[in-house]
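Q: Please take a close look at one helix in this model. Tell me what is hidden in it and what surrounds it.

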Amino acid sequence: MTPEEMRNKLRPFRDKALARGIAVGDVERWMDTVRPCVTLAEGGDGEVVGRFGGPLMLPVGMAHPFHPFVAAIDLAALPAGATDLPLPSEGQLLLFAYPENFGDEHDMGNVVYVPAGTAVEERDKEGWHWFDLDEEYQEVFAQFPQEALRATADVSLPYHHWVEMSEEPRWVPIPGHPRSEELAAVWIEAHDDIASPGQLQLGGYADQEAVDTDPVAYAAWCAAKEAAAGRWGGGEPVSGDPADWVLLADWNPWIDGLEGATVHWTIQRTDLTARRFDRAFTMVFRNP
């Protein structure tokens, strides 16, 4: 999607923001932050690019990831240029997560990249670490969606509007955007007039309920903290700077008992370029 196409899609947002009395310069600068993304939904007219659930095909000999299987995405089937992420042009991207945060800052998911031509074998979808530990996990997993995913090229603006500072005042508007709180509110209001509905999103900005700061920034902080404690990262450098991280995917599960949960798969830009998907860091937010 070209910059002009993205700005054209944002016309309903622009109109609503100007109608609220926000200066045109503030609106235009906010629109300059737009990112292309792909909405993956069970319905619609887009091309089938993967599926929620279905057979779990892992590389031969790979151990089952620690978390449950969510979705498989055929990267070659994605609309060309639909995100600004340097994703591989082919192969399968497998997403794993459990949509609960347990009140801590630990990694709650996995990402597996299966290059085209890799020898794979079907694995037990119930072979993840916690499945036999508690009936609640089994009941939640039974509600994971099991449908084909269709892709729509969309646009994304920030849902967050504050950044956290180390000194007072602790919370300030996003630099360069003094009207960020109002603009984020307009985007939330205008979103459904602009972007397609769907549970899964590739690229763009992280979405979740009741949030004022960027979930990707929080994920970067948590990943760096976990790495410093020796619990994540394999001893390799991990940056805590949000500028070094991107949103890989978002999932709104819509699962009974876990309403208000959002899963964010994030990754350092350098790891994404190097196809080090094993170093993705997954956060789960929930507003019950």
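A: Start with the buried side of helix 5, which spans residues 180–194 in this predicted model. Its buried residues are Ser180, Leu183, Ala184, Val186, Trp187, Ala190, His191 and Ile194. In an α-helix there are 3.6 residues a turn, so residues three or four places apart point the same way. Keep that in mind when you read the list.

What covers these residues? The cover includes helix 1 (3–9), helix 2, helix 3, strand 8 (148–156) and strand 10 (171–173).

Helix 5 also has a kink of about 35°. The kink is centred on Ile188.

Now turn to one neighbour, helix 3. The axes of helix 3 and helix 5 come within 11 Å. They cross at roughly 65°, and the crossing is right-handed. Helix 3 brings Asp26, Val27 and Trp30 to the contact. Helix 5 brings Ser180, Leu183 and Ala184. By class, four of the contact residues are nonpolar, one is polar and one is charged. Ser180, Leu183 and Ala184 are also on the buried list of helix 5.

Helix 3 has a further partner in helix 2. Helix 2 covers residues 11–19, and helix 3 covers residues 24–31. Their axes come within 10 Å and cross at roughly 150°. The two helices are therefore roughly antiparallel to each other. This crossing is right-handed. Phe13, Arg14, Ala17 and Leu18 of helix 2 meet Val24, Val27, Glu28, Trp30 and Met31 of helix 3. Seven of these residues are nonpolar, none is polar and two are charged.

Val27 and Trp30 of helix 3 touch helix 2, and they touch helix 5 as well.

Key
Residues numbered from 1 in each chain as written. Predicted model: local features only at pLDDT ≥ 70, side-chain atom pairs only at ≥ 80, totals over all residues. Heavy atoms only, no water. Axes fitted to C-alpha atoms, helices over the stretch in contact; angles between N-to-C directions. Helix = DSSP H or I, 4+ residues; strand = E, 2+ residues; numbered from the N terminus. Parallel < 35°, antiparallel > 145°, perpendicular 65-115°, else oblique. Left-handed = near helix turned anticlockwise from the far one by under 90°. Contact = heavy atoms within 4.5 Å. Nonpolar A, V, L, I, M, F, W, Y, C, P; charged D, E, K, R; others polar. Bend = angle between axes of the 7 residues up to and from the residue. Buried < 20%, exposed > 50% of the residue type's maximum accessible area, 1.4 Å probe, protein only.
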